[in-house]
Structure formats: structure tokens, C-alpha cells
Amino acid sequence: MGLFDQVEKKLESAVNGAFARAFKGDVQPVEIAARLQRELDSEAKLLTRDKRLVPNDFQVRLSQHDYEHLAPYSRTLNAEIVPDLRDHATERHYVFDGPIHIEYVLDEHMSTGRFEVVSTSVATVAEAGGPASSTTIRRAPLVLEVNGVRHPLMPPGFIIGRGTEADLRINDPGVSRKHARMNVTEDEYGNLNISIDDLGSTNGIVVNGQRVTHTTIEDGSRIEMGSTRMLVHSPVGT
């Protein structure tokens, strides 16, 4: 079964009943999913020999008619599409600059049954006390790459964990609810100082092969929490 067929089969189960009838004869969810995958392929930009940067922020522009039918189901639709985009990216060695965001936008000039996708690569990082990816960052000296997604290391840093209290959430049973804090400070010369603290996690933190509770983080640092592997590097590095 091809990748498109797999997506179609998944979406069929997600759009049964009233959801499916709402789209009859109009823009179909599977069309949007397939178009977003093609957007990744067409916009992939070479980072290194085996990695390509792809967009992670998408606007799906719809006619008035299609927007009214799609908008109420956008969360359900995205819950099916986003994992498939991640799988597609993994298979093709694509890298996202931040979490995937899909927004459905009304375009009064669009005719019924047609849609357009506008994409961009947007790096994001959490604000202290706020939800993850609440602040848009276009450039960062270093990033923390986790499962193919790059998280800029900018002041004041962020908390990593499995629970809702974490800014960067990782779905790994070996990661505690509040596992670690990435500390990022800026000195008077504009240089960033980065360190990591264990927040009393169950399984601890390993940096560059050594178990630590606190240590300085630099370009090339490799961090392990549970079964998750992370890499700190320059956005234009390896």
C-alpha cells in the first residue's frame, strides 16, 4: 500500500458519518493531506548531505463554502494529518524547524472545491510560563533537535518533560513529567550561555555519555533522556 493510500485509509476512518457528509462534493480531507505532503517535497531545502529543511507552518486557503464546512473539524483533521506529515518527513530525512502548525483560512476569492497551501519554515520556542511554541524566532545560534524537530535555544530556556507542565513535551515513558530545564542566558556581549539541570527525574540525564545533574551545553552536545536522543547544533550545521 502506497503512502497516499495509507493516508486516505486513515482519513476515511476519521471522517465517517456527519464529518464525511459535510465534505461531499467539496474539498476532501485526503486532498489536503496529499497536498501538504507534496508541499514538503517541493519546498525541501538542502541542509546537509542527508538532511533537508521543510516547512512546518501551513495556511490552507479555502472558499467561503469549504471554509464553513472545514473549520468546525480542523482539530480532528489536523490530529490525523500531522502524524502522517511527521512519518513522511522521517522517511525522506526531512527536518522541521519547529512544531507543525496548520491553519485553515478563508479566502473569498477562492472558488468552491479549490484550495491553496502557503507554507513557511518557522522556528519556535516557549515563553517562560507560557505554552510551547508561543514565541516565533526566525534565527537562533543553536537549536536542540528532538525527533527531527529543531527547538531554538533562546533566553530564558524551557522545561523538558512528558507532562503538561513542560514547555517541550516528549512522549516517552522514560521521561519524567518535568524532567529537565534548559537554561539559556545572555551576557553583556550578547553571547549565550547554555546549561541543563535535572529536575529530580526518575531516569536522569546523560550528556555526551556521562550521567549529570547539571552541566554546560555546547554545540555538538548529545543529550539522552529515557529512550529519546537529542542533539544541540547550529541551525546550519550537521
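In strand E12, Leu168 is the bridge partner of Ile160. This pairing belongs to a predicted model of a protein chain with 238 residues, of which 46% are buried. The secondary structure of the chain comprises five helices and 19 strands. Two open sheets are described below, one built from five strands and the other from three, together with the helices that lie across the three-stranded sheet.

**The chain as a whole**

- The protein chain exposes about 12700 Å², and carbon and sulfur atoms account for 45% of that area.
- Of the contacts between residues at least 6 apart in sequence, 57% link residues at least 24 apart.

**The five-stranded sheet**

- The strand order in this open sheet is E12-E11-E13-E14-E17, with mixed pairing.
- Its edges are formed by E12 and by strand E17 (214–216), each of which pairs on one side only.
- Strand E11, which spans residues 157–161, runs parallel to strand E12 (residues 168–169), and two bridges connect them.
- The bridge between Ile160 and Leu168 joins E11 to E12 at the level of individual residues.
- With strand E13 (residues 180–186), by contrast, E11 runs antiparallel, and four bridges hold the pairing.
- Within E13, Asn183 stands opposite Gly157.
- Further along the sheet, strand E14 (residues 192–198) and E17 are antiparallel and are joined by three bridges.
- Ile196 has Thr215 of E17 as its bridge partner.

**Burial of strand E11**

- E11 is mostly covered, since five of its five residues are classed as buried.
- Gly157, Ile159 and Gly161 point one way from the strand, while Phe158 and Ile160 point the other way; residues of both groups are buried.
- Ile160, whose bridge partner in E12 is Leu168, is thus one of the buried residues of E11.

**The three-stranded sheet**

- This open sheet has the order E5-E3-E6, and its pairing is mixed.
- Strand E5 (101–106) and strand E6 (115–120) are the edge strands; because each has a single partner strand, one side of each lacks a neighbour in the sheet.
- From one strand to the next, the twist averages 20°.
- Strand E3 (residues 57–62) pairs with E6 in the antiparallel sense, over six bridges.
- Within that pairing, Phe115 of E6 is the bridge partner of Leu62.

**Helices across the three-stranded sheet**

- Helix H3 lies across E3, E5 and E6, and its direction is at about 40° to E6.
- Helix H5 (residues 74–91) lies across E3 and E5, running at about 135° to E5.

**Pro29 in helix H3**

- Helix H3 covers residues 29–43, and Pro29 lies within it.
- Pro29 counts as buried because its relative accessibility is 4%, against a cut-off of under 20%.
- Pro29 and Ile81 are 52 residues apart along the chain, and 8.9 Å separates their C-alpha atoms.

Technical notes. Residues numbered from 1 in each chain as written. Predicted model: local features only at pLDDT ≥ 70, side-chain atom pairs only at ≥ 80, totals over all residues. Heavy atoms only, no water. Buried < 20%, exposed > 50% of the residue type's maximum accessible area, 1.4 Å probe, protein only. Pairing = 2+ DSSP bridges. Axes fitted to C-alpha atoms, helices over the stretch in contact; angles between N-to-C directions. Contact = heavy atoms within 4.5 Å. Areas by Shrake-Rupley, 256 points an atom, 1.4 Å probe, with all protein chains shown as cover.
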